[in-house]
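I opened this notebook to record what I looked up in the structure, entry by entry. The sequence and the coordinates go in first, and my notes follow.

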Amino acid sequence: MGDYRSHAHSISLCKYHFVWCPKYRHGMLELVRDELAELFQGTAERFGHEIVSMEIATDHVHLFVEADPKWSPAEIAKQFKGYSGRTILKRHPEIKQRYFWGSGMWKDGYYIGTTGAVSEDVVRRYIEETEH
């Protein structure tokens, strides 16, 4: 089955592309790029995700993540954003003071895109052409 994940009663292939920004779109992520990469990797290991690809730009993050279907995309975003933001601000109070007056490091919102092994057209055609 290649890239598919096998579970007790199912097989899955769930990959998500996430993008999010620090509050106020501050271009400060280069100050903590290596730490963020380690924190994201630790979060992935803790929850059983696999980071397929990652880019930490100065003012936004791209994560391409493979995850089990038991986690909703919203839960996955919360896992990565919550732990990394709290940890960075705790380790670096000077960053919190300079860039993030108030609480939290990340903007509330995020982008998510899904990918799969087959296109939307293939799934639609399969459903329409299969005898039920």
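Before anything else I wrote down the cut-offs for accessibility: a residue is buried under 20% relative accessible area, exposed over 50%, and partly exposed in between. I also noted at the top of the page that this is a predicted model.

**Entry 1: P69**

I began with P69, which I found in the loop between strand 5 and helix 2. Its relative accessibility is 44%, and because partly exposed covers the range between 20% and 50%, P69 counts as partly exposed. I then looked up its distance to A44 and noted that the two residues are 25 apart in sequence, while their C-alpha atoms lie 14 Å apart in space.

**Entry 2: salt bridges**

How many salt bridges does a search of the whole structure find? The search returned 2, and I took them in turn.

In one of them the side chains of D59 and R25 meet, with 3.1 Å from N to O. I placed D59 in the loop between strand 4 (50–56) and strand 5 (61–67) and R25 in the loop between strand 3 (14–20) and helix 1 (33–47), so this pair ties together parts that are 34 residues apart in sequence. R25 itself came out as partly exposed, at 42% relative accessibility.

The other salt bridge is between E35 and R91, whose closest N and O atoms are 3.0 Å apart. E35 lies in helix 1 and R91 in helix 2 (residues 73–91), so here the parts tied together are 56 residues apart in sequence. R91 has a relative accessible area of 44% and is therefore partly exposed.

**Entry 3: more on R91**

I stayed with R91 and listed its contacts, leaving aside neighbours within four places in sequence, and I found E35 and L39. I also looked up its separation from D121, which lies 30 residues away along the chain, and recorded 48 Å between the two C-alpha atoms.

**Entry 4: helix 1 against helix 2**

Since E35 and R91 belong to helix 1 and helix 2, I turned to the way these two helices pack. What angle do they make, and how far apart are their axes? The angle is about 140°, and the axes are 9 Å apart. Angles over 145 degrees would count as roughly antiparallel, so with about 140° helix 1 and helix 2 are described as oblique to each other. I noted the crossing of helix 1 and helix 2 as right-handed.

For the residues involved, I wrote down E35, L36, L39, F40, T43, A44 and F47 on the side of helix 1, and these meet Q79, F80, Y83, S84, T87, I88 and R91 on the side of helix 2. Sorted by character, the residues of this contact divide into 8 nonpolar, 4 polar and 2 charged. A44, which I had used as the reference point for P69, is among the helix 1 residues of this contact, and the salt-bridge partners E35 and R91 also appear in the list.

**Entry 5: W20**

Is W20, which lies in strand 3, buried or exposed? At 1% relative accessibility, W20 counts as buried. Not counting residues up to four places away in sequence, W20 touches F40, H60, V61, L63, F80, K81, W106, G109 and Y110. I noticed that F40 and F80 in this list are also named in the contact of helix 1 with helix 2. Between W20 and Y4 I recorded 27 Å from C-alpha to C-alpha, with their positions 16 residues apart in sequence.

**Entry 6: the loop between strand 3 and helix 1**

I closed with the loop between strand 3 and helix 1, in which Y24 lies. Y24 has a positive phi of about 60° although it is not a glycine, and with a relative accessible area of 45% it counts as partly exposed. R25, found in the loop between strand 3 and helix 1 as well, likewise has a positive phi, near 55°, in a residue other than glycine.

L31 lies in this loop too, and its contacts, leaving aside neighbours within four places in sequence, are I95 and Y99. Finally I looked up L31 against C21: they are 10 residues apart in sequence and 14 Å apart in space, C-alpha to C-alpha.

Notes: Residues are numbered from 1 along each chain as its sequence is written. This is a predicted model: local features need pLDDT of at least 70, side-chain atom pairs count only at pLDDT 80 or more; totals for chains, interfaces and linings use all residues. Side-chain values use heavy atoms; hydrogens and water are left out. A salt bridge is a side-chain nitrogen of Lys or Arg within 4 Å of a carboxyl oxygen of Asp or Glu. Helices (H or I, at least four residues) and strands (E, at least two) are DSSP runs, numbered from the N terminus. Buried means under 20% relative accessible area, exposed over 50%, partly exposed in between (1.4 Å probe, protein chains only). Axes are lines fitted to C-alpha atoms, for helices over the stretch in contact, and angles run from 0 to 180 degrees between N-to-C directions. Angles under 35 degrees count as roughly parallel, over 145 as roughly antiparallel, 65 to 115 as roughly perpendicular and the rest as oblique. A crossing is left-handed if the near helix is turned anticlockwise from the far one by less than a right angle, and right-handed if clockwise. Contact means heavy atoms within 4.5 Å. Ala, Val, Leu, Ile, Met, Phe, Trp, Tyr, Cys and Pro count as nonpolar, Asp, Glu, Lys and Arg as charged, and the others, Gly among them, as polar.
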